[in-house]
Amino acid sequence: MDSSPTTLLTNLLVFNNTIQQELMRSVHVYEGGRKVEREFVFSENGSSYVEMKKATPILIFLNNFCVSQVSEGYQNGVWHCIFAFHSNNMPQFSHIPPLLLVTRNPKLQTIPNLHNDLDMIYNVGWKAKEKDISQGSSRDELKGNSNDLQPSQNVLPVLDQDLNCLPNEEDASDSEFQDNEMNDESLPGLAEKKKRTPSDHIAKIALSDLIKYFDMPIVEASRHLNVGLTVLKRKCREFGIHRWPHRKIKSLDNLIHDLQEEAKQQESKDKDAAMAVKERKRMLESEKENIEKKPFMDIQTETKRFRQDVFKRRHRARASEKQSSTPAAT
């Protein structure tokens, strides 16, 4: 049953198939709890998209699938969530992939069931944004003309946290970025020379360009790409990257290096152990390559356990070394 203009949409999730990129699925939840799951073919060739009329629901029948708890970046099997709308938490427009922007992708009009619900979300969102802007303007007028020369602050935030940091490091990362900005602006003449990155340069940045700099912090990557940090975060959102993968890749690199050293030591002692270490190293290298290709992927559970074991062995070794050195010191 299709949605109608009078039907109140409470939730909308859009998923992309990570294997067959042209396949998309959407989960619509309407007032009263009615759920509808649809499947589409987003073909780059041709002038229209296609909705599969007899698509078998997959996601809504999963035991561990709760619509209200799904957010962007969620993945179940081959389905990766690229857009999540919940009526109690409006999405920011800078978070919406261009593929789902009605104004930037006219092909959406050929699949009205998805187009109409997206259009409703955008209309409600713009009204809320205009209200915020008008309220902000009123507050600025009360402050007088002292801020006339100040740049406008009515810009849409791109990310709520640094992609290069864990959630509990938000405050530290914010202060770090502020320090970077202050240092840049304190250089003589730099503030005057700062220019906005051309839009055509930003549009040409592809996922392959980002992959080259996954091994460095996001601030350094933005400098190499010659774009601002905010622009880079927006590009990450477009490609479904919700956390800059530098930490994951660096962690895997450290484990691979440790295994390489261990394999050299085991070579002369135990060849079977050396072969096992080399096999583990090969698996980690393969996992690293997969994360570089699909940066939204998390480190495998088995790898996390292995990393934890490595940390414990190091801790025990340091504690043992400290205990053995204490008597000699006395």
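1. Two strands are taken to pair if DSSP finds at least two bridges between them. In this predicted model, strand S1 (residues 9-17) and strand S2 (residues 23-30) satisfy that criterion, pairing in the antiparallel sense over seven bridges. Within this pairing, Val 14 has Ser 26 of S2 as its bridge partner. The two strands form a hairpin, with five residues between S1 and S2.

2. S1 also has strand S6 (residues 79-86) as a partner: seven bridges join S1 to S6, and the two run antiparallel. Asn 17 is bridged here to Trp 79 of S6. As to solvent exposure, S1 is mostly covered, since nine of its nine residues are buried.

3. His 242 deserves separate attention. This residue is placed in the loop between H7 and helix H8 (246-267). Its side chain makes a polar contact with the side chain of Arg 237, at 2.4 Å. The His 242 side chain also reaches the backbone nitrogen of Gly 73, at 3.4 Å. A further relation links His 242 and Phe 296: they are 54 residues apart in sequence, and their C-alpha atoms are 6.8 Å apart in space.

4. The backbone at Asn 226 should be inspected. Asn 226 lies in the loop between helix H6 (218-224) and helix H7 (229-238). Its phi is near 65 degrees, a positive value in a residue other than glycine. Most residues other than glycine have a negative phi. Is Asn 226 buried or exposed? Exposed means over 50% relative accessible area; Asn 226 has 55% and is therefore exposed.

Conventions:
Residues are numbered from 1 along each chain as its sequence is written. This is a predicted model: local features need pLDDT of at least 70, side-chain atom pairs count only at pLDDT 80 or more; totals for chains, interfaces and linings use all residues. Side-chain values use heavy atoms; hydrogens and water are left out. Helices (H or I, at least four residues) and strands (E, at least two) are DSSP runs, numbered from the N terminus. Buried means under 20% relative accessible area, exposed over 50%, partly exposed in between (1.4 Å probe, protein chains only). A polar contact is a pair of N or O atoms within 3.5 Å; within protein, one must be able to donate a hydrogen and the other to accept it, and residues adjacent in sequence count only if both atoms are side-chain atoms.
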